[in-house]
Each structure stands twice: as structure tokens, then as C-alpha cells.
Amino acid sequence: CGDYDKNAGTANGGLPIVSYDTQAKTWQTEGKLSDEQLSRFTISGDRLLIPGTDPVGGSYFGKYYALEQGEWKTYSNLPSGTHCFDLLAQGSTLFAGLGTNYGMPTSVCRSTDGGAHFKLVPFRKNGTEITTTLFTDNGTYKSTNYARTYNVFAYQGSIYATWWCAEKEIFDKFGGLYRYNEAENVFDYYGPAPYDLYRNRLSQSYDAVFKGKFVLAYNTVQVF
């Protein structure tokens, strides 16, 4: 729910979270969150998590929300994460796919203690670590020089993350799919992905695997 950047989360106390009781066959409101868009739900143990796509009152640290013992708790501890587009839970380990502004180093962070603390995880292609400090035009950052990781997902024992940048020249150099290297705590380049796949930020993506291929769906479906 929400509209990403039209400030819906500032009205009427935030965006409502609504649940459906399958036995009673009724809808009920489970509270409100101060965010401009809520797109995904992640289950981590006995907690329900929601990435903070565009939190009200943004800061250097991104946010996610957790339903704990019937109450929503806000965690503002995602470094470099102006936006949080996705969360992946693997036991007590959490990965967060972030939207960073220029000057911020990377677009994924990782927690090994259930989300209490996060550390940034770099992306690497052909031995070069990718950071937005590379994205300069004669030493000046362009307004579109930010990184986005809309998807973090698991498949056959590996963790994958997408990497996108609005500046197509930069995307052509670094954009695509990356696989997590646990031994070195880095996402290494795995393969290309089309630039247009990531352009519609409002529709957000849903990842899946179909017949051994990755499927990422936005306003269209791409298989690679």
C-alpha cells in the first residue's frame, strides 16, 4: 500500500496494515506505520517484518518494521539505507536490499543477530568493489547516481541480489545479478540483467524461480 513518494504515510497517522482472519472471514487493522509505501512482508521466526520503502523522516539509516508480541516496532539501523526494498531471512541472518543516495557505499547490509545490528556488504565485479564514490562526473555527483537493490533472494543454497543504478552508463558497467560469497562477505557479479527491468520503482518486483531460471516481475516479466 502507499504511493512511494507522494507523502501518503504522513496523513492520518500513517499507512494501515490490514489482516484477514480465515476462520472468522473478517478483515481487521493491525496498526499503522509511518512510511510512504509498504510493499513486502517477510517472516523471520515468530516475527513479521516489513521493509521501510520510504520512511517518513528519512535519514542516513534506513528502517524496517517488526511485529513482535502483537506490537509494531521500528528499527532504524540499516546503514546507508535511505530506502529498504527487500528483506531476506535465513535463520538468524537477515539481508536487506537498500536504496542509497550518492556518496553511500553499497546497497545491501547483513545482520547475523536477527536484525539487531547490520553491517554493509560490498558488491564486486571483476575484482573491483562497487561504490557510489565511483559515480562522479568530473568529481561532481549526478542526481541519478544512486544504487538500488530491489531483490535479495535465496535459491539452491545461495543468496542473490540485484544491482541497479538510474544512470544507464553506470548500470551498463555494474548492473545485474550478484551472488553472495560468504567466505569473503561480498556479492560477486553473477550475470547481466536488462536496465528496463528496474525502471518502474512503484510496482516493485517479486522474485521466483521457474524451470531453473530466475523470474523477476515488474510491469513486465523478465526471465534470465
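Two strands pair if DSSP finds at least two bridges between them. Strands (E, at least two residues) and helices (H or I, at least four) are DSSP runs, numbered from the N terminus. Welcome to a predicted model, in which local features need pLDDT of at least 70, side-chain atom pairs count only at pLDDT 80 or more, and totals for chains, interfaces and linings use all residues. Residues are numbered from 1 along each chain as its sequence is written, and side-chain values use heavy atoms, with hydrogens and water left out.

**Exercise 1. Follow a hairpin**

Task: Find how β7 and β8 pair, and which residue in β8 is the bridge partner of aspartate 86.

Solution:
- Step 1. Locate β7 at residues 83-90 and β8 at residues 93-99.
- Step 2. The two strands run antiparallel and share 7 bridges.
- Step 3. Look across from aspartate 86, and you meet glycine 97 in β8.
- Step 4. Now take the turn: 2 residues sit between the strands of this hairpin, and glycine 91 there has a positive phi of about 65°.
- Step 5. Finally, check the cover of β7: 7 of its 8 residues are buried, where buried means under 20% relative accessible area, exposed over 50%, and partly exposed in between (1.4 Å probe, protein chains only).

**Exercise 2. Lay out an open sheet**

Task: Work out the order of the 4 strands in the open sheet, and which strands stand at its edges.

Solution:
- Step 1. The order is β3-β4-β5-β6, with antiparallel pairing.
- Step 2. At the edges are β3 (42-44) and β6 (71-78); each has a single partner strand, so one side of each lacks a neighbour in the sheet.
- Step 3. On average, neighbouring strands of this sheet are turned by 30° against each other, direction ignored; the axes are lines fitted to C-alpha atoms (for helices, over the stretch in contact), and angles run from 0 to 180 degrees between N-to-C directions.
- Step 4. Zoom in on β5 (residues 62-68), which pairs with β6 over 6 bridges.
- Step 5. Tyrosine 64 stands opposite tyrosine 75 in β6.
- Step 6. On β3 you will find isoleucine 43, which counts as exposed at 65% relative accessibility. Its C-alpha atom is separated by 9.8 Å from that of glutamine 90, 47 residues apart along the chain.

**Exercise 3. Trace the salt bridges**

Task: Which residues are linked with Arg124 in a network of salt bridges?

Solution:
- Step 1. Start from the rule: a salt bridge is a side-chain nitrogen of Lys or Arg within 4 Å of a carboxyl oxygen of Asp or Glu. The count by this rule is 5.
- Step 2. Glutamate 184 meets arginine 124, with the closest N and O atoms 2.9 Å apart. This pair links distant parts of the chain, since glutamate 184 is in the loop between β18 and β19 while arginine 124 is in strand β11, 60 residues apart.
- Step 3. Aspartate 188 also forms a salt bridge with arginine 124, at 2.7 Å between the closest N and O atoms. Aspartate 188 lies in β19 and arginine 124 in β11, so the pair ties together parts that are 64 residues apart in sequence.
- Step 4. Put these together: Arg124, Glu184 and Asp188 make up the network.
- Step 5. Compare a pair inside one helix: lysine 168 and aspartate 172 form a salt bridge (3.2 Å, N to O). Both are in helix α1 (residues 168-174), 4 residues apart, about one turn of the helix.
- Step 6. Lysine 168 is partly exposed at 42% relative accessibility, and aspartate 172 is partly exposed with a relative accessible area of 49%.

**Exercise 4. Look inside**

Task: How many residues has the largest nonpolar core, and which strand gives the most to this core?

Solution:
- Step 1. A nonpolar core is a set of buried Ala, Val, Leu, Ile, Met, Phe, Trp, Tyr and Cys residues joined through side-chain atoms within 4.5 Å.
- Step 2. The largest one has 17 residues, and those with the most contacts inside it are Phe95, Val108, Phe123, Trp163 and Phe187.
- Step 3. At least two residues of this core come from each of β17 (158-165), α1 and β18.
- Step 4. The strand β17 gives the most, with 4 residues.
- Step 5. A second, separate core has 13 residues, including Leu78, Leu87, Ala96 and Leu98.
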